[in-house]
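Thanks for taking a look at this one with me. Here are some notes to read alongside the structure.

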Amino acid sequence: MNCNFNSCIVFEPSGEICGRHRKIISHGIGAEAWARTADVLKPIDCLNIKVGVLVCADAWYSEHAKKMQKKGAQIILDIAAWPPTEVCGNPLGAWEKCSSVTGLPVLVCNQTGKTEWMDMTIGQSVVIEHGKVKFSYNGKQAVLLFEWDEVTGIVISKKFEVIFI
């Protein structure tokens with residue numbers, strides 16, 4: 001039986017796993033032919049912060065973000081390998097809608113750089129608040145840092161701190 005999932009695993013600072021999200025929406029063909037879809041949507045408790053984790057196209061459907069918010073998520077995180085394309089469109093509107101319908105900040109950690117099969121230098125990583133992009137990055141491979149106040153739920157940073165790798 002095929003038990004492979006496209007997943008996001010979240011680690012505590014100690015290195016222990018505090019949770020995982022298995023992708024709900026899968027194309028089931030091409031690059032994702034290997035992956036099964038999951039059916040569980042629940043926030044991950046990350047040091048007393050409830051994070052609604054989504055994987056890539058899970059965020060295309062804002063009802064997934066809304067379910068996370070109803071279950072107590074304080075922020076939505078979407079990990080993605082999703083550049084704007086003619087076939088898939090620009091995902092930015094979907095991410096903005098996730099923030100708009102939930103009232104939560106949405107953080108999209110999009111793949112950066114280039115591979116032999118995909119140019120992700122045009123894929124945006126974004127921080128969205130109140131349904132609007134607060135800041136974004138696209139380009140070379142990098143680690144992106146920003147500050148968020150978990151008590152107020154407000155993004156403190158005005159831009160990413162970009163660390164090139």
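Leaving aside its neighbours within four places in sequence, which residues is Asp78 in contact with? Please keep in mind as you read that this is a predicted model.

1. Contacts of Asp78. With those neighbours set aside, Asp78 is in contact with Leu54, Val55, Cys56, Ala59, Trp95, Leu107, Val108 and Cys109. Asp78 itself sits in strand β5, which covers residues 75–80.

2. The charge of Asp78. Asp78 is buried yet has no salt bridge. Lys23 carries the nearest side chain of opposite charge, and it is 8.1 Å away. A salt bridge needs a side-chain nitrogen of Lys or Arg within 4 Å of a carboxyl oxygen, so Lys23 at 8.1 Å does not form one with Asp78.

3. Polar partners of Asp78. Two polar contacts are worth finding on screen. The side chains of Asp78 and Trp95 are joined by a polar contact of 3.0 Å. In addition, a polar atom of the Asp78 side chain lies 2.8 Å from the backbone nitrogen of Cys56.

4. Cys56. This residue belongs to the loop between β4 and α1 (62–70). Its phi is near 45°, a positive value in a residue other than glycine. Is Cys56 buried or exposed? Its relative accessibility is 13%, so Cys56 counts as buried, the limit being under 20%.

5. Leu47. Here is another positive phi in a residue other than glycine: the value for Leu47 is near 50°. You will find Leu47 in the loop between β3 (44–46) and β4 (49–55). Leu47 has a relative accessible area of 57% and is therefore exposed, as that value is over 50%.

6. Thr112. Look next at the loop between β6 (106–110) and β7 (125–129), where Thr112 lies. Thr112 counts as buried, with 12% relative accessibility. Not counting residues up to four places away in sequence, Thr112 touches Met120, Tyr137, Gly139, Lys140, Gln141 and Ala142. With Ala142 there is also a polar pairing: a polar atom of the Thr112 side chain lies 3.4 Å from the backbone nitrogen of Ala142.

7. Cysteines. How many disulfides does the structure hold? The count is zero. Cys18 is in no disulfide, and the nearest cysteine sulfur, that of Cys46, is 4.0 Å away. A disulfide requires sulfur atoms within 2.5 Å, so the Cys18 and Cys46 pair does not qualify. Cys98 is in no disulfide either; for Cys98 the nearest cysteine sulfur belongs to Cys56, 12 Å away. Cys98 is also buried, with a relative accessible area of 1%.

How values were computed: Residues numbered from 1 in each chain as written. Predicted model: local features only at pLDDT ≥ 70, side-chain atom pairs only at ≥ 80, totals over all residues. Heavy atoms only, no water. Helix = DSSP H or I, 4+ residues; strand = E, 2+ residues; numbered from the N terminus. Buried < 20%, exposed > 50% of the residue type's maximum accessible area, 1.4 Å probe, protein only. Polar contact = N/O pair within 3.5 Å; in protein donor to acceptor, adjacent residues only side chain to side chain. Contact = heavy atoms within 4.5 Å. Lys, Arg positive; Asp, Glu negative; His and termini not counted.
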